[in-house]
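Reader: Hello! I would like to learn how to read a fold step by step. Could you walk me through this one?

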Amino acid sequence: MKLIAGLGNPGKEYENTRHNSGFCVMDVIAKELHVDITQKKFKSLICMTRIQGEQVILMKPQTYMNNSGEAIIEAVKFYHIDVKDILIIYDDLDLPVGKIRLREKGSAGGQNGMKNIIAHLHTQEFKRIRVGIGKDSRVPVIDWVLGKIRKEDREDYEKAIALAKDAAIYSVTHTFMDTMSHFNVK
């Protein structure tokens, strides 16, 4: 069993904000697979599905970004999911809008949701897809991440969301090394 979790914050006030990029990717994955991520379990909205025969949990933690690890660890413990079968999708200030970056492991890089997941899993060795949201030095970080995508960035952002969706689905049936080779170059 594999777990794909997209990070974000629940609630109308956070919809379509940069910080909810993980949720946006999960929504397009669900649309592509013709499923709904609506079941409430593990402090999350989840959906059990299959991708080319592989059983996959799609997850949108509802704990707010900074406590995402609470939701992830509940599912991991309940289903005995190996850390190598976890994929986390989240926003990244240090990547330009329109870019994604895949990694097999690494630090949280200042992202509080990832810090919390690392603390709960007791490892940094899990797969991740970072979705670039860029930054603007004139705007405080909190205002930037909780702000909406600018009109002029919308097309590039939507391409990155679609690319992250494709990478996540591809990763279920391919090695992550192959997935990184395929998607980090685009």
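Reader: At what angle do the axes of helix α5 and helix α6 cross, and within what distance do they come?

Author: Happy to help, and please keep in mind that this is a predicted model. Two packed helices are described by the angle between their axes and the distance between the axes. Here α5 (residues 154-173) and α6 (residues 176-183) have axes that come within 9 Å and cross at roughly 155°. Angles over 145 degrees count as roughly antiparallel, and α5 and α6 are therefore roughly antiparallel to each other. Their crossing is right-handed.

Reader: Which residues of α5 and α6 meet?

Author: From α5 come Leu-163, Asp-166, Ala-167, Tyr-170 and Ser-171, and they meet Phe-176, Asp-178, Thr-179, His-182 and Phe-183 of α6. Sorted by class, this contact has 5 nonpolar, 3 polar and 2 charged residues.

Reader: How are α1 and α5 oriented to each other?

Author: We read this pair in the same steps. The axes of α1 (residues 21-33) and α5 come within 9 Å, and they cross at roughly 60°. That is why α1 and α5 are oblique to each other. The crossing of α1 past α5 is right-handed. On the α1 side, the contact includes Cys-24, Val-25, Val-28 and Ile-29, while among the α5 residues are Tyr-157, Ile-161, Ala-164 and Ile-169. By class, the contact of α1 with α5 has 10 nonpolar, 1 polar and 2 charged residues.

Reader: What angle do α2 and α3 make where they pack?

Author: Helix α2 (residues 68-79) packs against helix α3 (residues 112-121) at an angle of about 40°, and their axes are 7 Å apart. This crossing is right-handed. Ile-72, Ile-73 and Val-76 are among the α2 residues in the contact, and α3 brings residues including Ile-117, His-120 and Leu-121. The classes here are 5 nonpolar, 5 polar and 1 charged.

Reader: Now for the strands. In what order do the strands of the sheet lie?

Author: To read a sheet, walk across it from one edge to the other. This one is an open sheet of 7 strands, in the order β2-β3-β4-β1-β5-β7-β6, and its pairing is mixed. The edge strands are β2 (39-41) and β6 (100-103), each of which pairs on one side only. From one strand to the next, the twist averages 25°.

Reader: In which sense do β5 and β7 pair?

Author: Strand β5 (residues 86-92) and strand β7 (residues 127-132) pair in the parallel sense, over 6 bridges. To find one of the bridges, start at Tyr-90: its partner in β7 is Arg-130.

Reader: Which strands does α5 lie across?

Author: Helix α5 lies across β1 (2-6), β3 (44-51), β4 (54-61), β5, β6 and β7, and it runs at about 170° to β7. Helix α6 packs on the sheet too, touching β5, β6 and β7, with a direction that makes about 160° with that of β6.

Reader: Let us step back to the whole chain. How many helices and strands does the protein chain have?

Author: The protein chain has 6 helices and 7 strands. Along the sequence they follow the pattern β-α-β-β-β-α-β-β-α-β-α-α-α.

Reader: And what is the radius of gyration of the protein chain?

Author: The protein chain has a radius of gyration of 15 Å, which agrees with the value near 16 Å for a compact globule with 186 residues. Along the principal axes, the C-alpha atoms fill a box of roughly 45 × 30 × 30 Å.

Definitions and conventions
Residues numbered from 1 in each chain as written. Predicted model: local features only at pLDDT ≥ 70, side-chain atom pairs only at ≥ 80, totals over all residues. Heavy atoms only, no water. Axes fitted to C-alpha atoms, helices over the stretch in contact; angles between N-to-C directions. Helix = DSSP H or I, 4+ residues; strand = E, 2+ residues; numbered from the N terminus. Parallel < 35°, antiparallel > 145°, perpendicular 65-115°, else oblique. Left-handed = near helix turned anticlockwise from the far one by under 90°. Contact = heavy atoms within 4.5 Å. Nonpolar A, V, L, I, M, F, W, Y, C, P; charged D, E, K, R; others polar. Pairing = 2+ DSSP bridges. Rg over C-alpha atoms; globule rule 2.2 N^0.38 Å.
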